[in-house]
Amino acid sequence: MSDQPTFSQFPLAPAIQEAIAEIGYVVPTPIQVQAIPVVLAGQDVMGAAQTGTGKTAGYGLPALQRVLRWANTSMSPARHPVRVLILAPTRELADQVNENLVKYARKTPLRVGVVYGGVDIRPQMDMLRRGVEVLTATPGRLLDHVEGKSVNLTQVEIVILDEADRMLDMGFLPDISRILNLLPKKRQNLMFSATFSPEIKNLAKNFLNHPVLVEVARENATAETVKQLVYRVHDSEKTDVLIDILKTYGEDGSPLKQVLVFVNSKLGCRRLTSTLKRVGIEAEAIHGDRTQEERLAALQDFKSGKCEVLVATDVAARGLDIAELPVVINYDVPFGAEDYVHRIGRTGRAGAKGVAIMLVTGGDSRLVSAIETLTKQKFDIEDLAPLPRNQRRRADSDRRAPRQQAWRDDDHEGRVRPDVPPARKVVYDPIFDAPYEPGELAASAVKQEIKKEPAASVRTAKKPTKVAALLGGCIRK
Ligand code: AMP
């Protein structure tokens, strides 16, 4: 007896069912169970989906099914207009969504493609001119193609805003409204967002027509499969603590592998990557200043295991999908509490277990409180100092030991590697643990407290955007 849902319960064509089976999906995720029938019925959807919940298939599979009636093998571009349009905030997410859709559609004649900025536009023009039924795009590059007349959006039947919250954060609302105005008024609208600000709710009100709310988690909750650990570290020891964690928090004190480390700035990203490389950790940087080719190459090296640590800014936080990523480390506390949700959503995907570690220093308290408020939890913050030097050397020589699985399932409920003495946990005492500098110490401790505070105000309150006005012709009643 089994009440478990299966994909065969959905009226999806055999070509799509076969593709799902080949990919290896057996049980639909909760968001898929909820979203697939609603999308198949042609209704608008507001998807409150956490990252890693399987939402791409949740909208992608039924969207393919709905336009499958148009599938044909004609060579004529006119027979392959865009029918499904997916808008995504970043190149990485667009690429990843497209990769999934290609797999889902591979047994159908539907053509699937992606366009995003930062790469040569000409191959994309060729692809669009040949015709593509399912198009994933970042808004800016799509508008470039509209201007270049390489794409015609008048046959779009389904439009999907993926990671809508991020698109608003990145200032894409005017671009989105321009794009929506180019689409037929009669269409199906789907919108997915991990977090729900009043702005997002406003956009949903205007963009969606009597939407069905599809929800798999509490609003703004963090992934339940992610174990969250927060360590208080001294500012000057943050990098050393990170290095200790990277070198010793793996199985039996071995180095961690496949770790995503988040930092707040491009400069910080570059610097930390160089420091890690200097101490023998294979690290790659991924941030907005790197070209698309460099970012994809770094991601590829990371996925293949050639590089163990990916140091990323928030630009890279969205859309990275690395199977069973075990550990995410917030080297910097994110400026925006919602970014925390997205960052740690890189682990614990689709039911896999993961660990999210965050290092906090004295000046981060406001940011940490904001995260606690948003995620409705109170962190149990522990003090952590770098390993003593002799243990650190041993960790270094152990790096050459054979690698094993980074985390066991049974570690998840307890503390991180409780049987391994990881980096030393202490109650940090600025008087006894710092070198004695007459007269300066107390002053510098106080300065540090004050110095960091303004960071909390880096994100100034946004002016409420007049969504309805921007959306012009597509306001719905
Ligand atoms: P998404 O939230 O769409 O980015 O999906 C997260 C990950 O879960 C991706 O690697 C998907 O391939 C995977 N996934 C999606 N649906 C399923 C499923 N039903 N069973 C197993 N894995 C899935």
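Here are a few exercises with worked solutions on the predicted model shown above.

**Exercise 1: The chain as a whole**

Find how many helices and strands the chain has, and what share of its residues is buried.

*Solution.* Start with the secondary structure: there are 17 helices and 14 strands in the chain. Next, look at burial, where the cut-off is under 20% relative accessible area. Of the 477 residues in the chain, 54% are buried. Finally, turn to the contacts: among those with a separation of 6 or more, 76% join residues 24 or more positions apart.

**Exercise 2: The open sheet**

Work out the order of the strands in the seven-stranded sheet, and say which strands stand at its edges.

*Solution.* Step one is the order, which runs β10-β11-β9-β12-β13-β8-β14 in an open sheet with parallel pairing. Step two is the edges: β10 (283-286) and β14 (381-383) each have a single partner strand, so one side of each has no neighbour in the sheet. Step three is the twist: on average, neighbouring strands are turned by 25° against each other, direction ignored.

Now zoom in on the β10 edge. β10 pairs with β11 in the parallel sense over four bridges, and E284 stands opposite L310 in β11.

**Exercise 3: Strand β9 and its partners**

Identify the two strands that pair with β9, and decide whether the faces of β9 are covered or open.

*Solution.* Take the partners in turn. On one hand, β9 (residues 259-262) pairs with β11 (residues 309-312) in the parallel sense over four bridges. Within that pairing, V261 has V311 as its bridge partner. On the other hand, β9 pairs with β12 (residues 327-330), again in the parallel sense and over four bridges. Here the bridge partner of F262 is N330.

For the faces, a general point helps: side chains in a regular strand alternate between the two faces of the sheet. In β9, V259 and V261 point to one side, and L260 and F262 to the other. These four residues are all buried, and both faces of the strand are covered.

**Exercise 4: Two packed helices**

Describe how α10 and α11 pack, using the angle and the distance between their axes.

*Solution.* Helix α10 covers residues 238-248 and helix α11 residues 266-278. Their axes lie 11 Å apart and make an angle of about 55°. Angles of 65 to 115 degrees would count as roughly perpendicular and those under 35 degrees as roughly parallel, so α10 and α11 are oblique to each other. Their crossing is right-handed. The contact involves T239, L242, I243 and L246 from α10, together with L272, T275 and L276 from α11.

**Exercise 5: Two positive phi values**

Compare E163 and K376: where does each lie, and is each buried or exposed?

*Solution.* Begin with the backbone. Phi of E163 is near 50°, a positive value in a residue other than glycine, and phi of K376 is likewise near 50°. Then place them: E163 is in the loop between β5 (158-161) and α7, whereas K376 is in the loop between α14 (365-375) and β14. With a relative accessible area of 4%, E163 is buried. K376, at 56%, counts as exposed.

**Exercise 6: A buried arginine**

Locate R166, and find which backbone oxygen its side chain reaches.

*Solution.* R166 sits in helix α7 (residues 164-169). Its relative accessibility is 8%, so R166 counts as buried. The side chain of R166 reaches the backbone oxygen of D314 at 3.0 Å.

Notes:
Residues numbered from 1 in each chain as written. Predicted model: local features only at pLDDT ≥ 70, side-chain atom pairs only at ≥ 80, totals over all residues. Heavy atoms only, no water. Buried < 20%, exposed > 50% of the residue type's maximum accessible area, 1.4 Å probe, protein only. Polar contact = N/O pair within 3.5 Å; in protein donor to acceptor, adjacent residues only side chain to side chain. Pairing = 2+ DSSP bridges. Axes fitted to C-alpha atoms, helices over the stretch in contact; angles between N-to-C directions. Parallel < 35°, antiparallel > 145°, perpendicular 65-115°, else oblique. Left-handed = near helix turned anticlockwise from the far one by under 90°. Contact = heavy atoms within 4.5 Å.
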